[in-house]
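Good morning, colleagues. Please turn to the structure on the screen; I shall go through its overall arrangement, its core and a few selected residues.

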Amino acid sequence: MAPGHGAELSGTGRVEAFSDGVLAAVIYAGSFLLTSLVFFALQYHLSKRRPHLLRETLDARQTRSILLRGLVSMPIYVLAAAAVLLSAYLTLGICMAMGLFYLLRTAGSGVRRAAGPL
């Protein structure tokens, strides 16, 4: 175990194992992993099983690109959760980098936004 991450018994009798934000960082990365899993499942279901529900028809290249982008994120979020053993800030940095990747990828791809309500 990394220094500073061991369980220590405080004067109140509580175990202070995650006093430096380690647990919060693991939960943060885990929530991103769970979100990416749900979005991937939704995108897969809509593009492969229910394409008639989509507003615009996607060709095979667009579908593959969307699914590949969603699939790539999952191992990175697992890595982010594991990186907490080195530093909670490293975990947050990886999650922030992924957020910037998706922000820049979406902004540069010419994705149209719907003008009206869904």
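**Overall arrangement**

Read from one end of the sequence to the other, the chain follows the pattern α-α-α. I should say at the outset that this is a predicted model. Its secondary structure comes to three helices and zero strands. The chain has 118 residues, of which 19% count as buried. About 8,800 Å² of the chain is exposed, and carbon and sulfur atoms supply 67% of that area. As for the contacts between residues at least 6 apart in sequence, 56% of them join residues at least 24 apart.

**The nonpolar core**

Let me turn to the interior. In soluble globular proteins, nonpolar side chains tend to be buried together. Which residues make up the largest nonpolar core here? There are seven: Ala29, Tyr77, Ala80, Ala83, Ile94, Cys95 and Met98. Helix 2, residues 60-82, and helix 3, residues 88-108, each supply at least two residues of this core. Helix 3 gives the largest share, namely three residues.

Ile94 belongs to this core. Leaving aside its neighbours within four places in sequence, Ile94 is in contact with Ile76, Ala80 and Ala83.

Helix 2 deserves a remark on its geometry. It has 23 residues and reaches 34 Å from its first C-alpha to its last, close to the 33 Å expected at 1.5 Å a residue. The buried residues in helix 2 are Thr63, Leu67, Gly70, Ser73, Met74, Tyr77 and Ala80. Two of these, Tyr77 and Ala80, we have just met in the largest nonpolar core.

**Two buried polar side chains**

I now come to Thr91, which lies in helix 3. Is Thr91 buried or exposed? Its relative accessible area is 0%, and Thr91 is therefore buried. What does the side chain of Thr91 reach at 2.7 Å? The partner is the backbone oxygen of Ala80. A polar atom of the Thr91 side chain also lies 3.1 Å from the backbone nitrogen of Val84. Beyond its neighbours within four places in sequence, Thr91 is in contact with Ala25, Ala29, Ala80, Ala83 and Val84. Among these, Ala29, Ala80 and Ala83 are members of the largest nonpolar core. The C-alpha atoms of Thr91 and Val26 are separated by 7.8 Å, although the two residues are 65 apart along the chain.

Ser36 is the second case, and its place is in helix 1. Why does Ser36 count as buried? Its relative accessibility is 10%, and the cut-off for a buried residue is under 20%. A polar atom of the Ser36 side chain lies 2.8 Å from the backbone oxygen of Leu33. With its neighbours within four places in sequence left aside, Ser36 is in contact with Ser73, Met74 and Tyr77. Those three partners are themselves among the buried residues of helix 2.

**A partly exposed position in helix 1**

Gln43 is also placed in helix 1, which covers residues 22-49. At 29% relative accessibility, Gln43 counts as partly exposed. Outside the neighbours within four places in sequence, Gln43 is in contact with Ile66 and Leu67. Gln43 and Ile66 are 23 residues apart along the chain, and their C-alpha atoms are separated by 7.8 Å.

**Aromatic pairs**

Finally, the aromatic residues. A pair of aromatic rings is described by the distance of the centres and the angle of the planes. The structure holds four aromatic pairs. In one of them, the rings of Tyr28 and Phe32 have centres 4.8 Å apart and planes at 80°, so this pair is edge-to-face. Tyr28 and Phe32 are four residues apart in helix 1 and are therefore separated by about one helical turn. Tyr28 is partly exposed at a relative accessible area of 38%, and Phe32 counts as partly exposed at 27% relative accessibility.

Phe40 and Tyr44 form an aromatic pair that is stacked, with 6.4 Å from centre to centre and 25° between the planes. They too are four residues apart in helix 1, and so about one helical turn separates them. Tyr44 has a relative accessible area of 34% and is partly exposed.

One aromatic cluster is formed by Tyr28, Phe32 and Tyr77. Tyr77 is thus a point at which several of today's topics meet, because Tyr77 is in this cluster, in the largest nonpolar core and in contact with Ser36.

Notes: Residues are numbered from 1 along each chain as its sequence is written. This is a predicted model: local features need pLDDT of at least 70, side-chain atom pairs count only at pLDDT 80 or more; totals for chains, interfaces and linings use all residues. Side-chain values use heavy atoms; hydrogens and water are left out. Buried means under 20% relative accessible area, exposed over 50%, partly exposed in between (1.4 Å probe, protein chains only). Contact means heavy atoms within 4.5 Å. A nonpolar core is a set of buried Ala, Val, Leu, Ile, Met, Phe, Trp, Tyr and Cys residues joined through side-chain atoms within 4.5 Å. The expected span of a helix is 1.5 Å times one less than its number of residues. A polar contact is a pair of N or O atoms within 3.5 Å; within protein, one must be able to donate a hydrogen and the other to accept it, and residues adjacent in sequence count only if both atoms are side-chain atoms. Accessible areas come from the Shrake-Rupley method with a 1.4 Å probe; for residues, only the protein chains shown count as cover. Rings of Phe, Tyr and Trp (its six-membered ring) pair if their centres lie within 6.5 Å; planes under 30 degrees apart count as stacked, over 60 as edge-to-face and the rest as tilted.
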